[in-house]
Amino acid sequence: MSSSANAVTLKPAPSLHSSKFRVQGSPPLLHWAGFNGLLSNPSIYGGSTKLSVSCMALKNIFGGAAGSKPAKTEKKPRKTSVPLPATVTFDNESSDENTILIITAENRTAVLQIITRVLRAMGVQISKANVNLDKGSVVEKIFVTDSDGSKINDPQSLDNIQQALREALNEPIRVLDPKTRGLVIKPQSRDLDFESSDQVKAKAEVLFNLMDQYLKNDVVSIQKDVLDHVEYTVASSRFNFSDFEAYQATAHSVRDRLIESWNDTHQYFREKDPKRLFFLSLEFLMGRSLSNSIYNLGIKDQYAEALKQLGFDLETLVEQEGDAALGNGGLARLSACLMDSLATLDLPAWGYGLRYQYGLFRQVIIDGFQREQPDYWLNFGNPWEIERAHVTYPVKFYGKVEEVVHNGKRQKRWIPGEMVEAVAYDNPIPGYGTGNTINLRLWAAKPSGEYDLESFNTGDYINAIINKQRAETISSFLLPDDRSYQGKELHLKQQYFFVSASLQDIMRRFKGFHINIDDFPKKVALQLNDTQPSLAVPELMRMLVDEENVEWSRAWEIVKKVFSFTNHTVLSEALEKIPVELLGSVLPRHLQIIYDINYFFLEDLRKRMGSDYARLARMSIIEEGAVKCVRMATLSIVASNNVIGVSQFHSEILRTKVFTDFYDIWPHKFQSKTNGVSQRRWLAVGNPGLRDVITKWLGTDAWIKDLDLLCGLRDHADNPELQNEWRKAHRMNKSRLAQYIEEISGLKVSIDAMFDVHVKRIHEYKRQYLNILSIIHRYDCIKNMTSEERKKVVPRVCLVGGKAAPGYEIAKKIIKLIHAVGGKINNDPDIGNLLKLVFVPDYNVSVAELIIPASDVSQHISTAGHEASGTSNMKFLMNGCLILGTLDGATTEIAEEIGEENMFIFGAKVHEVPKLRAQRHDFQPPREFRRVISRW
């Protein structure tokens, strides 16, 4: 589908790895008699992910340059890598404050990191650095001082530095053949008492023999891996284990394969050092991982056969996995699809989010009323995640800000009143048809050891337990109810906790390879998924100004180059605002920074437009009023180089209504990138019958990465054979859904009936209430028909599904109404199979994967002007379902793409809604409407 449609995917990039490899080009350990410290190799990171969503916005983030995508790995790296001799000279004349080191070395992996580690280990402070590349060499001027901040004049000290740098930079590196799993042999210095070179070689040879193979994907090897995990991971008998234990073992065996690709991917990106995208989102609606992972890895058939021979059915084991419901609605599912697409496109990307202990609540229906129960999705563990207990960062709250003098300059210092630890949990995300596997890093909150120890040492055990509970609450609940002050405070702490840990992680990774902080925008792109991660703006400013001692204006220029902001909101009144009093209490230093950003921004506006105070007030980051608030969307716009709308319709609203003042001064910032979904999960994996039909008639499965190829089906659309195969696949899906409906409700439905589906978050603007009124009207019409007239009626099964927010009483009453109407219709013998109404409880990704392929008609009837994009319409459409929808959000672009004659346009258009609202007091409803209301 073209870029005008919402199911957009970029053209696939070449595979990241033409074959698996384990080449590591990390520097040797430095051992020099001049100091007693070992400099460890840079750690190897791993991560994999798959591409699924429309990634047009990434073209902006990476500047549209083809060079942003990693090149293919060379197949034949050198067996040994002997660096060109490095030279180190000194200049104590050109600078009054610093000694200048002039270093010339071969441009190879981590050369800057080697230099930095050597200098830091010797107590040398780096003030700044200038790096130039010249014909394969790095020529670096580093301005340094001793530990007291003075020039280094002592000849012996200079000689020690020179000797240490030369030894580190001139060490040879042995690299293995790409077909083997490589290690770097780190030669040891003769000046210290280490193992002999023969001992090192012998040890390395043992490791080579143990690690020279990747896990095999034949049936027998898979069976052995699964059974090994049954016994050694699940700790069960391999001769007697349950479906759930089989799922756990299978998942761990798949994760083993993901980790291989994951490690290769991150080693590759470490060596290439491209600009990286870091996608910040507080919600990821991932769903199940097993079926998606083995499909993307290309080993689904092998796993199905291996498990079958062991007496297990793959689809049964898939059902054992719970949904990772770490988000709510389209924004969260978009984040998950985007990660799949990033991986499939071989882009150097990471995702960051929160590891909620309890996901989106579990919906239970009691007497027709919604009841919320905690979603204990982690009760039985999560085999897909890897806990990084050693990757932790302190996150601070409350406290006060003091002014201190450092190196003759006044600086702000934040003294926190509370501190918690952020612990990393990594989730490999595999790409389809590529060796690329990227990483989704989720943060869990744990109590700070420092505060716990203090409480225990003083005997205050109760306080220690309370501190632990308070810390863990931050990452416990998804979307806390923010109607109370405590709820607002918890939500704010979640937002800051997540961005603080993520930025600390990103900064650590950057500083491991780069010295000059001005290079940060050249290597880092930060994408804000709506306003929830917007605190990343003042947090990065705080890190640069307070911790890296970067001057304000220089720090602000860095910030403006790294951020891009995707807005998902249509109405101005729905934009997020945080009370100043709350923000100042929880994050006092950040409030100061936001005020400073706003001051400089308004001063710049005054120079542009004079004293237009009304406009200045509208554009200010701080909203004055009875409750003074920080406008988070405004903060994001001011700090970002791109402001992205999620459909053409939505982008037009942003430009002309919501952010028109900003568009007038920064038109170049505003862009439209229509949301999308992954055809891999929602068609190839979720609807295998239709997938096989499409692949057969196109003669290729390349459409799984390039959805535009589906246009080739037009050549066969009138072929009766294709139509018959399509109907058979669809009927099979309807049969599965009918069986599920009977299991959850006891109601039998006919698969010959039309399946009319309306599954969305329950909300007034989504208009489930309007749909129910139409069902009542249909029921009333059928009741008044003669038997002959009823023979002409097309039987219909109406399915409604979705969750109401816990505090949204009207939405909950709509759910009760659906059950009341369904109870009346479904038990009326006069109606029979002509009309059924079913509410599907606890709607989630896995249930959607069952419903969408079986649907005949899907309803997308939100009030025009309220839907920014919408992605469920794309999922239904690519599964061959007809759309009944208002011309709103992405539906407008779908109509342009497929033709209005191929969908049902419903209701008033955007420009007609305000007029209708103005006339509502004089509106006379039709007789049928009054009849429905009076009857019920």
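Is T569 buried or exposed in this predicted model? With a relative accessible area of 14%, T569 counts as buried, because the cut-off for a buried residue is under 20%. This threonine is found in the loop between strands β19 (563–566) and β20 (577–579). Leaving aside residues up to four places away in sequence, T569 touches D530, A574, L575, H650 and L654.

The protein chain as a whole comprises 33 helices and 30 strands. Of its 936 residues, 56% are buried. The accessible surface of the chain amounts to about 40,800 Å², and carbon and sulfur atoms account for 51% of that surface. When contacts between residues at least 6 apart in sequence are considered, 76% of them join residues at least 24 apart. One pair of residues distant in sequence is formed by W262 and P428: these are 166 residues apart in sequence, yet their C-alpha atoms lie 6.6 Å apart in space. W262 is found in helix α6, which spans residues 243–272. A relative accessible area of 1% places W262 among the buried residues.

The largest nonpolar core contains 168 residues, and those with the most contacts inside it are F397, W443, F497, L540 and I597. Helix α13 (residues 485–511) supplies the largest share of this core, namely 10 residues. The surroundings of L540 can be described in detail. Residues up to four places away in sequence being excluded, L540 touches L503, M507, F520, L526, V559, V562 and F563. A second core, separate from the one just described, has 24 residues, including Y808, A811, V821 and V932.

An open sheet of six strands was also identified, with the order β27-β26-β25-β28-β29-β30 and parallel pairing. Its edge strands, β27 (835–840) and β30 (904–905), each pair on one side only. Within the sheet, strand β25 (residues 754–759) and strand β26 (residues 796–801) run parallel and are joined by six bridges. M754 stands opposite R796 of β26. Two helices that pack on this sheet may be described in turn. Helix α26 (residues 768–783) touches β25, β26, β27 and β28 (857–860), and its direction makes about 155° with that of β27. Helix α28 (residues 809–826) touches β26 and β27, and the angle between its direction and that of β27 is about 145°.

Backbone geometry was examined next. Most residues other than glycine have a negative phi. L479, by contrast, has a positive phi near 50° although this residue is not a glycine. L479 is found in the loop between α12 (461–473) and α13. Its relative accessible area is 36%, so L479 is classed as partly exposed. R767 is likewise not a glycine and has a positive phi, of about 65°. The loop that holds R767 runs between β25 and α26.

Finally, the cysteines were considered. A disulfide is a covalent bond between the sulfur atoms of two cysteines. The structure holds zero disulfides. Two buried cysteines may nevertheless be mentioned: C629 has a relative accessible area of 9%, and C881 has a value of 3%.

Conventions. Residues are numbered from 1 along each chain as its sequence is written. This is a predicted model: local features need pLDDT of at least 70, side-chain atom pairs count only at pLDDT 80 or more; totals for chains, interfaces and linings use all residues. Side-chain values use heavy atoms; hydrogens and water are left out. A nonpolar core is a set of buried Ala, Val, Leu, Ile, Met, Phe, Trp, Tyr and Cys residues joined through side-chain atoms within 4.5 Å. Buried means under 20% relative accessible area, exposed over 50%, partly exposed in between (1.4 Å probe, protein chains only). Helices (H or I, at least four residues) and strands (E, at least two) are DSSP runs, numbered from the N terminus. Contact means heavy atoms within 4.5 Å. Two strands pair if DSSP finds at least two bridges between them. Axes are lines fitted to C-alpha atoms, for helices over the stretch in contact, and angles run from 0 to 180 degrees between N-to-C directions. A disulfide is a pair of cysteine sulfur atoms within 2.5 Å. Accessible areas come from the Shrake-Rupley method with a 1.4 Å probe; for residues, only the protein chains shown count as cover.
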